[in-house]
Amino acid sequence: MAVVVAAETGLYGAIPPLLLAPVIVLGIVVPVIVYAMAKGFRDYIEAIGLRTLTAFHIWRIAAALLFFWYGAHNLLPEVFVRNAAWGDLIAGLLAGGVTLLPENRSRYLVFHIFGFADFVVALGTGLILFLLEDPRMAGIQTLPMALIPLYGVGISGANHIMAFDLLRRHVGTRKLTKAGVLQT
């Protein structure tokens, strides 16, 4: 709701573009700090597991479609659409595929490596275009597009980092025992 209010009231648009990067980074850093410091939150993320963390990224298909639409109407720079939209589309489809298959740590790792790499490319491209003061990047500061950098980017970036931690600790997946019982 805060993102919607900030975009609708013009607060988001009033932020100088160069200050958007720290605001977006806070959306990643704050949840990761909470995850690192709060055992209850870490336990919750571990309980929901890698399948759910991965499935969350299916939303990136909608983000990609929005990027394509904005790009087709010359409301975003072509390079941004190419770097962000295609990567999000592939990441979203890959997330769907990975979650439909039986749980497999290697597939989760491959997805989160690809998804995070795409995330870095899209974020880096957007930052460079803001630094170059491309006027078409102003579309990022209006609804519905504002939801992507101010909400989706933060939660997606934090999600990848948390998934990497679950993978590192070898937790977050359920295994079927010989008796046919799921265990975590």
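A helix here is a DSSP run of H or I with at least four residues, numbered from the N terminus. Phe114 is found in one such run, helix α7. The model examined in these exercises is predicted.

**Exercise 1. Determine how helices α3 and α4 are oriented to each other, and which residues form their contact.**

Step 1. Helix α3 covers residues 17–37 and helix α4 covers residues 39–55. Their axes come within 5 Å and cross at roughly 100°.

Step 2. Angles of 65 to 115 degrees count as roughly perpendicular. The two helices, α3 and α4, are therefore roughly perpendicular to each other.

Step 3. On the α3 side, the contact is made by Pro31, Val34, Tyr35, Ala36 and Met37. On the α4 side, Lys39, Phe41, Arg42 and Ile45 take part.

Step 4. Sorted by class, the contact of α3 with α4 has seven nonpolar and two charged residues, and no polar ones.

**Exercise 2. Compare the expected span of α3 with the distance between its end C-alpha atoms, then locate its bend and its buried residues.**

Step 1. The expected span is 1.5 Å times one less than the number of residues. For the 21 residues of α3 this gives 30 Å, and because the end C-alpha atoms are 31 Å apart, the two values agree.

Step 2. A bend of about 25° occurs in α3 at Leu26.

Step 3. The buried residues in α3 include Leu20, Ile24, Ile28 and Tyr35. An α-helix has 3.6 residues a turn, so residues three or four places apart point the same way.

Step 4. The partners of the buried residues of α3 are α2 (11–14), α4, α7 (105–131) and α8 (147–169).

**Exercise 3. Place His57 and His170 in the chain and decide whether each is buried or exposed.**

Step 1. His57 lies in the loop between α4 and α5. His170 lies in the loop between α8 and β1 (175–176).

Step 2. Buried means under 20% relative accessible area, and exposed means over 50%. His57 is buried because its relative accessibility is 0%. His170 has a relative accessible area of 61% and is therefore exposed.

Step 3. Setting aside residues up to four places away in sequence, His57 touches Gly92, Ala95, Phe111, His112, Ser156, Asn159 and His160.

Step 4. His170 is not a glycine, yet its phi is positive, at about 60°. Asn74, in the loop between α5 (60–72) and α6 (78–100), has a phi near 55°, also a positive value in a residue other than glycine.

**Exercise 4. Describe the surroundings of Phe114 and Gly87, and assign each its accessibility class.**

Step 1. Phe114 belongs to helix α7, whereas Gly87 lies in helix α6.

Step 2. Phe114 has 31% relative accessibility and therefore counts as partly exposed. At 10% relative accessibility, Gly87 counts as buried.

Step 3. Not counting residues up to four places away in sequence, Phe114 touches Gly87, Ile90, Ala91 and Leu94. With neighbours within four places likewise left aside, Gly87 is in contact with Phe114 and Asp118.

Step 4. Phe114 and Ile90 are 24 residues apart along the chain, and their C-alpha atoms are separated by 9.2 Å. Gly87 and Asn159 are 72 residues apart along the chain, with a C-alpha separation of 17 Å.

Key. Residues are numbered from 1 along each chain as its sequence is written. This is a predicted model: local features need pLDDT of at least 70, side-chain atom pairs count only at pLDDT 80 or more; totals for chains, interfaces and linings use all residues. Side-chain values use heavy atoms; hydrogens and water are left out. Axes are lines fitted to C-alpha atoms, for helices over the stretch in contact, and angles run from 0 to 180 degrees between N-to-C directions. Angles under 35 degrees count as roughly parallel, over 145 as roughly antiparallel, 65 to 115 as roughly perpendicular and the rest as oblique. Contact means heavy atoms within 4.5 Å. Ala, Val, Leu, Ile, Met, Phe, Trp, Tyr, Cys and Pro count as nonpolar, Asp, Glu, Lys and Arg as charged, and the others, Gly among them, as polar. The bend at a residue is the angle between axes fitted to the seven residues ending there and the seven starting there. Buried means under 20% relative accessible area, exposed over 50%, partly exposed in between (1.4 Å probe, protein chains only).
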